[in-house]
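Work through the exercises below with the sequence and the model open. Each task is followed by a solution in steps.

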6 protein chains.
Amino acid sequence: MLLHLSTWQEVEAYLKQSQGIIIPIGSTEQHGPTGLMGTDAICAEAIASGVGKVTEAMVAPTINVGMALHHTGFPGTISLRPSTMILVILDYLTCLVRSGFTQFFLINGHGGNIATLKSAFSETYYHLANLNLPNASQVKCQVGNWFMCRSVYQLAQELYGSQEGSHATPSEVALTQYLYPEAIKQAPLSENVASSSSIYSAADFRARYPDGRMGSNPALATPEHGKQFYDLAVQELSKSYQEFLTPG
Amino acid sequence: MLLHLSTWQEVEAYLKQSQGIIIPIGSTEQHGPTGLMGTDAICAEAIASGVGKVTEAMVAPTINVGMALHHTGFPGTISLRPSTMILVILDYLTCLVRSGFTQFFLINGHGGNIATLKSAFSETYYHLANLNLPNASQVKCQVGNWFMCRSVYQLAQELYGSQEGSHATPSEVALTQYLYPEAIKQAPLSENVASSSSIYSAADFRARYPDGRMGSNPALATPEHGKQFYDLAVQELSKSYQEFLTPG
Amino acid sequence: MLLHLSTWQEVEAYLKQSQGIIIPIGSTEQHGPTGLMGTDAICAEAIASGVGKVTEAMVAPTINVGMALHHTGFPGTISLRPSTMILVILDYLTCLVRSGFTQFFLINGHGGNIATLKSAFSETYYHLANLNLPNASQVKCQVGNWFMCRSVYQLAQELYGSQEGSHATPSEVALTQYLYPEAIKQAPLSENVASSSSIYSAADFRARYPDGRMGSNPALATPEHGKQFYDLAVQELSKSYQEFLTPG
Amino acid sequence: MLLHLSTWQEVEAYLKQSQGIIIPIGSTEQHGPTGLMGTDAICAEAIASGVGKVTEAMVAPTINVGMALHHTGFPGTISLRPSTMILVILDYLTCLVRSGFTQFFLINGHGGNIATLKSAFSETYYHLANLNLPNASQVKCQVGNWFMCRSVYQLAQELYGSQEGSHATPSEVALTQYLYPEAIKQAPLSENVASSSSIYSAADFRARYPDGRMGSNPALATPEHGKQFYDLAVQELSKSYQEFLTPG
Amino acid sequence: MLLHLSTWQEVEAYLKQSQGIIIPIGSTEQHGPTGLMGTDAICAEAIASGVGKVTEAMVAPTINVGMALHHTGFPGTISLRPSTMILVILDYLTCLVRSGFTQFFLINGHGGNIATLKSAFSETYYHLANLNLPNASQVKCQVGNWFMCRSVYQLAQELYGSQEGSHATPSEVALTQYLYPEAIKQAPLSENVASSSSIYSAADFRARYPDGRMGSNPALATPEHGKQFYDLAVQELSKSYQEFLTPG
Amino acid sequence: MLLHLSTWQEVEAYLKQSQGIIIPIGSTEQHGPTGLMGTDAICAEAIASGVGKVTEAMVAPTINVGMALHHTGFPGTISLRPSTMILVILDYLTCLVRSGFTQFFLINGHGGNIATLKSAFSETYYHLANLNLPNASQVKCQVGNWFMCRSVYQLAQELYGSQEGSHATPSEVALTQYLYPEAIKQAPLSENVASSSSIYSAADFRARYPDGRMGSNPALATPEHGKQFYDLAVQELSKSYQEFLTPG
């Protein structure tokens, strides 16, 4: 059930059954010479939608710009500062808590979002405790990173081994190829690619990873792989969401 | 050309031709008993995509949550505070100016966004002047509200007269029906609907407009009307965008 | 009744009769070669004082610096950033709501303030809903722009036609001449003046409008015109204020 | 030379002679049963204007709301939070530094402003160092508190002794009586008045000082005293301003 | 070399040899019935000092309050909000970058700090890129969590197995016992202790973990263990710091 | 009783006896050629600990970085911006008020902290009034500056006369020599030292006071003097703290 395709009265009815909601979050950032700028948002949105169908959960609109400051050396990248992103998450969740939602499951497509999401959750719990909302103390937030699902990871290892890398990976590229076959890109990829290590400033990132990839070979990706990743991620995150809802 | 379906190298190539970009912005808010929560984002996104095709402009991912605090008395509404939204716009534009973009055309689907967008533009111009970017002084931002296009307004008057109202209007509902025929909603609509007047707090809004509509009769909407509105808005805003790009 | 010339006990007594207050807001910004830096604050203050007399309303001290970032390319201009101005308005209103005021009528002398005032009102309603104040949900804010009064506009058209322009207008200069005849300025005015169009950064503004005027010919102003504008604005805004107070 | 009664071209001419500017700052807060809410702003504005005449200095518009949170238990008091006031001062000074001003002399009418002004100056120096302004390192700010002038203090001791107190004092009331003889107030004053001690929250303040006075007997004030205070303060602060301008 | 026991001229001399600095960061939060409130700061400070001796690195004063909002249901806990902590780190690092430091190694004693530290680093890199500092692009930050050192982890497993738990652990308690033998605490510990799971709000935390421990048995700790942990952590983090300094 | 060496259950027990807490606050900033960077924090921490013993008060961890922006022209100085420091103090106090503390006595070692501490207290009282805490209106904060104790001042005059100066003073250096005899520094001190006057930007400060001292001769300091200062400050501030706790 997609929030943006629902009416407020349908939301009201849903809230009588469940107080859980799934929020997809991605990023708009460079993904190497053949990866789409929207890769992380596209993947999160599709998987969240799939999980929503399996679990009959409400799915909020996708947050398609996240924390990608380290990629801003490449044109087209859009990022929030962490301090801004904390406020965005706080505003979203506060509105939804006022609506009656208390269980927030963020399906995330971008590793760079994780730290700031955690910070934002802490900030939000504290903020909500200052308001007089009856349900504030029940609020729970959790991040489900599709690319860190055990099954996804195993398949990526099996298909790509060390060429999976850690940014602009064949697994995420495959998933976007499955979802947007009309936007499969071809571009020369140097054989040598810096393997991933620490991440500092945007200038440093661009110097270390000149074409944007971190140790990955996205040329290995296929739409068929993408479907496999999609199915695994939906299955595993559906289970995670259901466990998240279960009290205990 | 959709930014999220492009690679960074394609963005780099685009920037050699044009420094303009279209950013769709909507809202996630109640739209009466039969309007979709995502109405404003859906309309902005579709029209922006259409304008992008006509003008060969780059189109950024849609900002699907805006300034809708006055609707937060209805479940499902998500809003940024104006102060947060200013930071979001400032972060977006600063990243894109660093990329080389200087002309920002926001295609907007929500009247409640206009004031904060203007504030955000002022804040951003000032912020950019403090950075040492060669292109800061060329930066220009403009809002194109599809629902305020002359041709759109005329058609709405013709089709609905005073029943167009000012929130959850038949014109915007029609547009979403055209775009998402599978999500056309039916719900009883009281004949009496408060005509629109001033807007204050969320509590006051809900008290004045108990089902969320402001003077509108969305039952008049049809998908066919929606197509007409879409075509007119794309045409008129394409022209506006081209004029915006023209120096002078 | 001027707040700054009242005692707290007089304010307390007033609040038993009315919860309305008028807040004049202007700007300190260039107004062309012959307009005063304080034009917008001077006009708003005088008209608010007049409306206060007619309606027996409390009038707060004038906010004499507003949102004028686009004028900061001219020396002497002082501006708040929109984000700062939102906090200023929020602080003012929160204090006054704690005092017992709930109806805020801002008499405004500067077009550049309008967007940020609207943003600030939204931010404030939301903020107040988080506090435990018994009167928070009754709070209402409205802007009355003296220069947009129908009667004022008509007189300006009549007297100046297209030479009214949109910044450093003869109508506002006339009003300051009436109020401060000792500060009537003479300076050469080029015949050609850029007609008003869009406003972007301060640097761009100064380049487009080199002497600060936007399509106006303030040499047409006279103190006598000023008195006419004053009377019309006081009359029309007094009526607006009384309607604003009337429940419905 | 009053900034608000000058044109931008007059400001430009002034800046060739001097980079100094006087900014009056007061407060809008309770001043006991007979003191005006605007006392601190009224005094600061009048004295600043006097100093401006003596020294031929530019005088900015008065900041008439300052840091008076501890008085917000009394109706009509308006205060900025310290964090807001820091931003206001930073915005003012940054605009004026861009104009070419570098020496800021704040004539202050309210003890409660002093700490936050000092914080704001530190914040501003640091902020300016991050911008690329040629004159940033020459910027200097100083506070001149009229009520702490040696000559003012001596006269207050002579006239009122211990009945001067520390809030709603006869000296400041006298000054407003001189400036606004039409607004001299009469109200019963209890003989017992809590002598001043520490200041904590607004609720605590009101409990300790139930009519708003701190150890003062404003019934001793006369307009003639007010004139004496005015003359002394103008004389002493004119000298302070001239010393402030002198390099060394 | 401890910064707080150095003169500025010694710092200046040090900077000619190295641009690296170690910043210990901990927390002030409940650590169960027998753990010290300052455990995380005490451990970080001692280990940082040890690493400083081994590596001849400059060691900054300890940040002894971090992100512990989830522990604020227990008296004595002090925490920054994540948004505040980001500003604190940004201010620290900006000052030190102006001094000439570029390599920041944070020795951390509290898991709850990690996410916000990462957010703060991103925010700081971006902020520094906006300033005109010659060394901004060389800035690198890294977190070294002593409790996550491989050698520390192995010893904890060996000594305590599953009774190590994840908060108020015997390993950290042992370390404080070694450092402050005079402050070894005795208190009854329930045998049943909730094993660690997810962390949400402070109220939820206190409800799940009523005495503050998460799956741990700190009664197993001894000062001798503490010395072992200390030695291992110093050794391993000294190596990490040296690798961090090495370009590549 | 040191908070960081206590358990939460000990804090809980303490709160049944007293709601007072001492918070030492210093700075990390240049103190001339022979003074330690940590002088202000070292002195505040030691004296606070002494006062804690005399009065059996709880002593919080030391805030060792404060408002020292004017010293940031010297390497090694770390400072918060005033706006950040306000948030830090607000976060600390809010957490401790939730714990049950209401009387906050800050033992301060740095003159530059005073203004921002006062601002922070005002901000905090106001913030607390917005929360629903039963004890918010009882909250009181006070600053005790050890270097401004009458007895300390008198001894400094007696021992050093005008060579006490106002920064990097022999009295504070003596106190650190007493506390850290192993860190007594020797460095050539020019005979001429600029006497203290106003403080503006960091660049201006360094230009006026090239070795960091303000009118002081720290070569006069001895550890024995330091002990005398310590004893006097502990005695006087213990009395101040006890008076602070006494209602009235």
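## Exercise 1. A salt bridge between chains C and D

D:Lys185 is buried, with a relative accessible area of 17%. The model is a predicted one, and the cut-off for a buried residue is under 20%.

Task: find which residue forms a salt bridge with D:Lys185, and state where the two partners lie.

Solution.
1. The partner is C:Glu10, and the closest N and O atoms are 2.8 Å apart.
2. The pair crosses between chains: C:Glu10 belongs to helix α1 (residues 8-17) of chain C, while D:Lys185 sits in the loop between α6 (170-179) and α7 (202-208) of chain D.
3. C:Glu10 has a relative accessible area of 27% and is therefore partly exposed, whereas D:Lys185, at 17%, is buried.

## Exercise 2. Two salt bridges within a chain

Task: describe the salt bridge of A:Arg213 with A:Asp211 and the one of C:Asp231 with C:Lys227, and give the accessibility of each residue.

Solution.
1. In chain A, the closest N and O atoms of A:Arg213 and A:Asp211 are 2.8 Å apart.
2. A:Arg213 is buried at a relative accessible area of 2%; A:Asp211 is also buried, at 16%.
3. In chain C, the side chains of C:Asp231 and C:Lys227 meet at 2.6 Å, N to O.
4. Both residues of the chain C pair lie in helix α8 (residues 223-245), 4 residues apart, or about one turn of the helix.
5. An α-helix has 3.6 residues a turn, so residues three or four places apart point the same way.
6. C:Asp231 counts as partly exposed at 35% relative accessibility, and C:Lys227 is partly exposed at 37%.
7. A search of the whole structure gives 30 salt bridges over all chains.

## Exercise 3. The interface of chains B and A

Task: characterise the interface of chain B and chain A by contacts, buried area and polar pairs.

Solution.
1. Contacts involve 50 residues of chain B and 50 residues of chain A.
2. About 4100 Å² is buried between the two chains, and carbon and sulfur atoms give 64% of this area.
3. The rule finds 4 salt bridges across the interface. A:Asp91 and B:Arg81 form a salt bridge in which the closest N and O atoms are 2.9 Å apart.
4. The number of residue pairs in polar contact between chain B and chain A, both at pLDDT 80 or more, is 18.
5. On the side of chain B that touches chain A, the elements giving two or more residues are α1 (8-17) and α3 (82-99) of chain B.
6. Of these, α3(B) gives the most, with 9 residues.
7. By class, that side of chain B has 25 nonpolar, 18 polar and 7 charged residues.

## Exercise 4. The fold of chain A

Task: count the helices and strands of chain A, then judge its radius of gyration against that of a compact globule.

Solution.
1. Chain A has 8 helices and 4 strands.
2. Their order along the sequence is α-β-α-β-α-β-α-β-α-α-α-α.
3. For 248 residues, a compact globule would have a radius of gyration near 18 Å; chain A has 18 Å, so the two agree.
4. Along the principal axes, the C-alpha atoms of chain A fill a box of roughly 55 × 35 × 30 Å.
5. Of the 248 residues in chain A, 66% are buried.
6. Among contacts in chain A with a separation of 6 or more, 77% join residues 24 or more positions apart.

## Exercise 5. Helix α6 of chain E

Task: decide how far helix α6 (residues 170-179) of chain E is enclosed by the rest of the structure.

Solution.
1. The buried residues of α6(E) are E:Pro170, E:Ser171, E:Glu172, E:Val173, E:Ala174, E:Leu175, E:Thr176 and E:Gln177.
2. Because 8 of the 10 residues are buried, the helix is largely enclosed by the rest of the structure.
3. The buried residues of α6(E) pack against α2 (39-55), α5 (150-160) and α8 (223-245) of chain E.

## Exercise 6. The surroundings of F:Thr116

Task: is F:Thr116 buried or exposed, and which residues does F:Thr116 touch?

Solution.
1. F:Thr116 is found in helix α4 (residues 114-130) of chain F.
2. F:Thr116 counts as buried, at 1% relative accessibility.
3. Leaving out residues up to four places away in sequence, F:Thr116 touches D:Ser119, F:Met67, F:Pro82, F:Met85 and F:Ile86.
4. The side chains of F:Thr116 and D:Ser119 are joined by a polar contact of 2.8 Å.

Methods:
Residues are numbered from 1 along each chain as its sequence is written. Chains are lettered from A and ligands numbered from 1 in the order in which they are written. This is a predicted model: local features need pLDDT of at least 70, side-chain atom pairs count only at pLDDT 80 or more; totals for chains, interfaces and linings use all residues. Side-chain values use heavy atoms; hydrogens and water are left out. Contact means heavy atoms within 4.5 Å. Buried area is the accessible area (1.4 Å probe) that two parts lose on being put together, summed over both. A polar contact is a pair of N or O atoms within 3.5 Å; within protein, one must be able to donate a hydrogen and the other to accept it, and residues adjacent in sequence count only if both atoms are side-chain atoms. Ala, Val, Leu, Ile, Met, Phe, Trp, Tyr, Cys and Pro count as nonpolar, Asp, Glu, Lys and Arg as charged, and the others, Gly among them, as polar. The radius of gyration is taken over C-alpha atoms; the globule rule is 2.2 Å times the number of residues to the power 0.38. Buried means under 20% relative accessible area, exposed over 50%, partly exposed in between (1.4 Å probe, protein chains only).
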